[in-house]
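This report concerns salt bridges and the solvent accessibility of the residues that form them.

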Amino acid sequence: MAWLTDYASKYSMLLVLLGLCVLFSLATVAEQQPSPPEAAHQVQWQIGQAPEAWSRVLVVSSGSSEDEAFAFELKRTASALGVDPSTLENAWVTGTPQDARRAIAARDTPPVPSSIGQPPVSLPNAVLPWKIVSSPDTRGWILFDGLQQKFPNLNIEVIAPEATRWPNFLKSKNLINIVNQIVVIAILAVGMTLVILTGGIDLSVGSLIALSAVLCTRAIRDWGGGEDATVFAMILCGSGALAVCALCGTFNGMLIMCFQIPPFIATLSMMLIASGFAFLLSQGQSIDAVPQNFVWLGRGTLMGVPIAVAMMLGIYAVAHFVMTFTTYGRSLYAIGGNAEAARLCGIRVRQWIASTYALSGLLAGLGGLVMASRLRSGDAKYGTMYELYVIAAVVVGGTSLRGGYGTVVGTLIGALIIAVIENGMNLVQIESYMQKVVFGAVILGAVLLDRRSRKLR
């Protein structure tokens, strides 16, 4: 069973992620209504393919946006079958349950007696069925319960789109939302992974998010043309904000390497300085005088994939290649394992460590631009507590705080674990105070599991 132990030790965090997905999937199973095209397709087959079948159809709609989409698809399908447009107009009632009741009652024709003492003559309403179609929003109306008893003179067949049971957690929109929400933290976590691999820490990334967002939006407002700014002006302002954040990270590295200041103290000081400058530049107010197309980076899509997500995956692909196949990556692992031995082997320890803080600052600035673009504003309060979430993602992903061990792929898994925990607790409606308790406990459990798995190797 040694292979099983080795497999569990290597992929423990991935197993935790999969376990959380299974748990929240089971906890969020609920009845799912079909999409308007799917609902219309179901109803069309129940009504029939012959145009004559639509002559005794009544579709009950609430008039909501979803029902309008359902109506559009159903009418388009009926038109393709050759149904007369006037027939379709007469087959529709939109409004409240009372409106639907009146429309059904208008089609209720009682039997007419032929003569005294003779049985009544049955009219077509008593023979041919009326197909009452409920839309996705009206299928739960009490009106449709026992409809045949309410209108005994009508031969009624109620048709409704069939719902399915599926986890809310596994809905495509929710899965995309999970990845989309973790973009900023995941981008910052790449830089934090490099820093922690060398045995350091960077507490300034959260404040650099705010500084980058404020610098970019203020530059656009004051010098780039405000809401009329061109694409070139926005790129220039964003590049300036990235450069400032990279310089802040480089300054962190110089303090740590040249003056032997502990990373905790150096980056804590930068966190306060960056936050203070962000508040000074914004005067404590949100800066939103930016063009509408400024949201392209944070909300835009490319072939259906959010641009921010594609950029994040690209960064992880590059980082994985650098850390796995280049001298720079192997040097960082060597420095984290034993800095003095790495120096004696000819590795430029000071320069490489300083570069990790510069990269961390640069990526924090990029995260600030994504957040500013997503919210279409810059605010000094952005990034609050993000440094702790980023460190948690890196540690949960298997990177050792002592340095020398970890991967960027593990960091991505760690970031996804955090996103899944938050999203899943929101879906099962756990209150915010309890979420903090659960969040902390799950992270601690995941780290303990990872540490135990390493001891078994």
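Lysine 381 is partly exposed, with a relative accessible area of 48%; the classes used here are buried (under 20% relative accessible area), exposed (over 50%) and partly exposed (in between), for a 1.4 Å probe and protein chains only. Its salt-bridge partner is aspartate 379, with 3.2 Å between the closest N and O atoms. Aspartate 379 is buried, at 10% relative accessible area. Salt bridges with shared partners also join Arg218, Arg221 and Asp222 into one network.

The model is predicted: local features need pLDDT of at least 70 and side-chain atom pairs count only at pLDDT 80 or more, whereas totals for chains, interfaces and linings use all residues. Residues are numbered from 1 along each chain as its sequence is written, and side-chain values use heavy atoms, with hydrogens and water left out.

The structure holds six salt bridges, each defined as a side-chain nitrogen of Lys or Arg within 4 Å of a carboxyl oxygen of Asp or Glu. Two of them are set out below.

| Salt bridge | N to O distance | Citation |
|---|---|---|
| Glutamate 73 – arginine 76 | 2.7 Å | helix H4 pair |
| Aspartate 99 – arginine 102 | 2.5 Å | helix H6 pair |

Helices are DSSP runs (H or I, at least four residues), numbered from the N terminus. In helix H4 (residues 65–80), glutamate 73 and arginine 76 are three residues apart, so about one helical turn separates them. Glutamate 73 is buried at 16% relative accessibility, while arginine 76 is partly exposed at 49%.

Aspartate 99 and arginine 102 are likewise three residues apart, in helix H6 (residues 97–106). Aspartate 99 is partly exposed at 25%, and arginine 102 is exposed at 53%.

Methods. Helices (H or I, at least four residues) and strands (E, at least two) are DSSP runs, numbered from the N terminus.
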